[in-house]
Amino acid sequence: MITEMDAYLFDLRGYLLLRGALSPEEVKALNEGLDAIPRIAPGDWHGYVHREETEDTRGIAYQQIYEAGEPFERLIDHPSWIDKVKHFVGGEGTFDWLHGPVFIDENFASIRGPGEAIGLHSGGHTGVKRTQFRYHNGQFHCGQINILMALTDIGPGDGGTMVIPGSHKSNLVHPQLARAKISSGASADDVEGAIEVHMKAGDAILFVDAIAHGSAKRVNDGERRILVYRYGPTWGNFRFGYTPSPELLERLTPEQRGIAYPWKQRTPPHVEAARLQPA
Ligand SMILES: O=C(O)CCC(=O)C(=O)O
């Protein structure tokens with residue numbers, strides 16, 4: 001359920017902190033699921049999970065993590081956030097007779113060790129449609145709502161996610177962002193106006209991608225583990241071209257399938273419809 005306060009704070013700040021979004025049992029199962037993935041090299045596949053080729057300074061990213069088993073599948077329409085996500089992406093009732101209500105265009109696990117981070121990026125000044133914050137006619141219509149879940153406690157020194165509250169509406173580029181780099185070892189540390197969001201394992205941040213965000217550099221030993229599922233309107237497309245496997249689509253509930261692969265083909269009767277269907 002979305003409260004008036006959720007809507008007010010999301011509009012004002014561009015993010016919400018969802019405390020205890022995942023139960024300790026869910027966090028345990030997700031961590032075990034990550035442990036079961038061998039530390040494959042960048043560019044390699046483990047089943048349908050792909051290790052992204054990012055700079056070393058960003059750590060490990062396992063794309064298509066919803067392929068890694070039931071605990072990850074369940075996150076697709078998790079009750080702790082799915083109604084909020086639908087509310088902020090908006091458009092419900094306009095397309096769902098044919099498509100699902102929202103669409104996941106990217107989902108990944110990120111594992112970072114000491115010295116690793118991601119620099120500050122995004123911000124309202126870009127006006128990018130895909131990541132935009134929009135409120136019109138009494139409704140939200142955001143281009144991308146991210147759910148970033150902590151699978152480890154993330155406190156001072158752990159490389160927490162950083163956001164500039166309110167920057168999803170900014171007209172001007174942050175002066176430091178204009179000069180900063182997202183890669184090559186950059187972090188969001190020391191960016192004026194940016195705050196670090198500390199989380200307990202199981203907490204999640206819901207944020208519109210238009211907010212300027214990044215992470216602090218991890219200085220503590222050990223790993224920071226997060227999952228990110230990005231939701232947008234059903235007319236979007238996969239960010240990196242990955243598509244859900246037929247096996248995954250077969251296992252999902254109709255609601256989940258509509259979020260993982262919302263499209264249906266309309267074909268003339270003489271065309272074999274199954275040929276065009278994903279599963
Ligand atoms: O790693 C983080 O904490 C930030 C994640 C991020 O930059 C993103 O989801 O775009």
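Visitor: Are phenylalanine 10 and phenylalanine 88 buried or exposed?

Guide: In this predicted model, both phenylalanine 10 and phenylalanine 88 are buried, a word that requires a relative accessible area under 20%.

Visitor: How many aromatic pairs does the structure hold, and why is the pair of phenylalanine 10 and phenylalanine 88 called stacked?

Guide: The structure holds 13 aromatic pairs. For phenylalanine 10 and phenylalanine 88, the ring centres lie 3.9 Å apart and the planes stand at 25 degrees; since a pair needs centres within 6.5 Å and a stacked one needs planes under 30 degrees apart, the pair is stacked. It also links distant parts of the chain, with phenylalanine 10 in helix H1 (residues 4-13) and phenylalanine 88 in helix H4 (residues 82-89), 78 residues apart.

Visitor: What makes the pair of tyrosine 135 and phenylalanine 140 edge-to-face?

Guide: The angle between the planes of tyrosine 135 and phenylalanine 140 is 75 degrees, with 4.8 Å from centre to centre, and edge-to-face is the term for planes over 60 degrees apart, so this pair is edge-to-face.

Visitor: Why does tyrosine 135 count as partly exposed, and how is phenylalanine 140 classed at 5% relative accessibility, buried or exposed?

Guide: Tyrosine 135 has 44% relative accessibility, which falls between the limits of 20% and 50%, and therefore counts as partly exposed. Phenylalanine 140, at 5%, counts as buried, because that class takes values under 20%. Both residues belong to one aromatic cluster, formed by Phe10, Phe88, Phe133, Tyr135 and Phe140.

Visitor: What makes strands S1 and S2 stand at the edges of the sheet?

Guide: The open sheet has eight strands in the order S1-S11-S8-S13-S5-S4-S3-S2, with antiparallel pairing. Strand S1 (15-18) and strand S2 (45-46) each have a single partner strand, so one side of each is left without a neighbour in the sheet.

Visitor: How do you know that S8 and S13 pair, and where does helix H1 lie?

Guide: Pairing requires at least two bridges, and strand S8 (residues 145-150) meets strand S13 (residues 224-232) over six bridges in the antiparallel sense; methionine 149, for instance, has leucine 227 in S13 as its bridge partner. Helix H1 lies across S1, S8 and strand S11 (204-208), running at about 130 degrees to S1.

Visitor: How much space lies in the largest pocket, and which residues are closest to its centre?

Guide: The largest pocket holds about 550 Å³ of space, and of the 30 residues lining it, Phe108, Ile118, His121, Arg230 and Arg239 are the closest to its centre. Two or more lining residues come from each of strand S4 (60-63), strand S5 (103-112), strand S12 (213-215) and S13.

Terms used:
Residues are numbered from 1 along each chain as its sequence is written. This is a predicted model: local features need pLDDT of at least 70, side-chain atom pairs count only at pLDDT 80 or more; totals for chains, interfaces and linings use all residues. Side-chain values use heavy atoms; hydrogens and water are left out. Rings of Phe, Tyr and Trp (its six-membered ring) pair if their centres lie within 6.5 Å; planes under 30 degrees apart count as stacked, over 60 as edge-to-face and the rest as tilted. Helices (H or I, at least four residues) and strands (E, at least two) are DSSP runs, numbered from the N terminus. Buried means under 20% relative accessible area, exposed over 50%, partly exposed in between (1.4 Å probe, protein chains only). Contact means heavy atoms within 4.5 Å. Axes are lines fitted to C-alpha atoms, for helices over the stretch in contact, and angles run from 0 to 180 degrees between N-to-C directions. On a 1 Å grid over the protein atoms alone, a cavity is a set of points where a 1.4 Å probe fits but cannot get out, and a pocket is an open set with protein on both sides within 12 Å along at least five of seven lines; lining residues have an atom within 4 Å of a point. Grid points are joined across faces, edges and corners, and a volume is the space filled by probe spheres set on the points.
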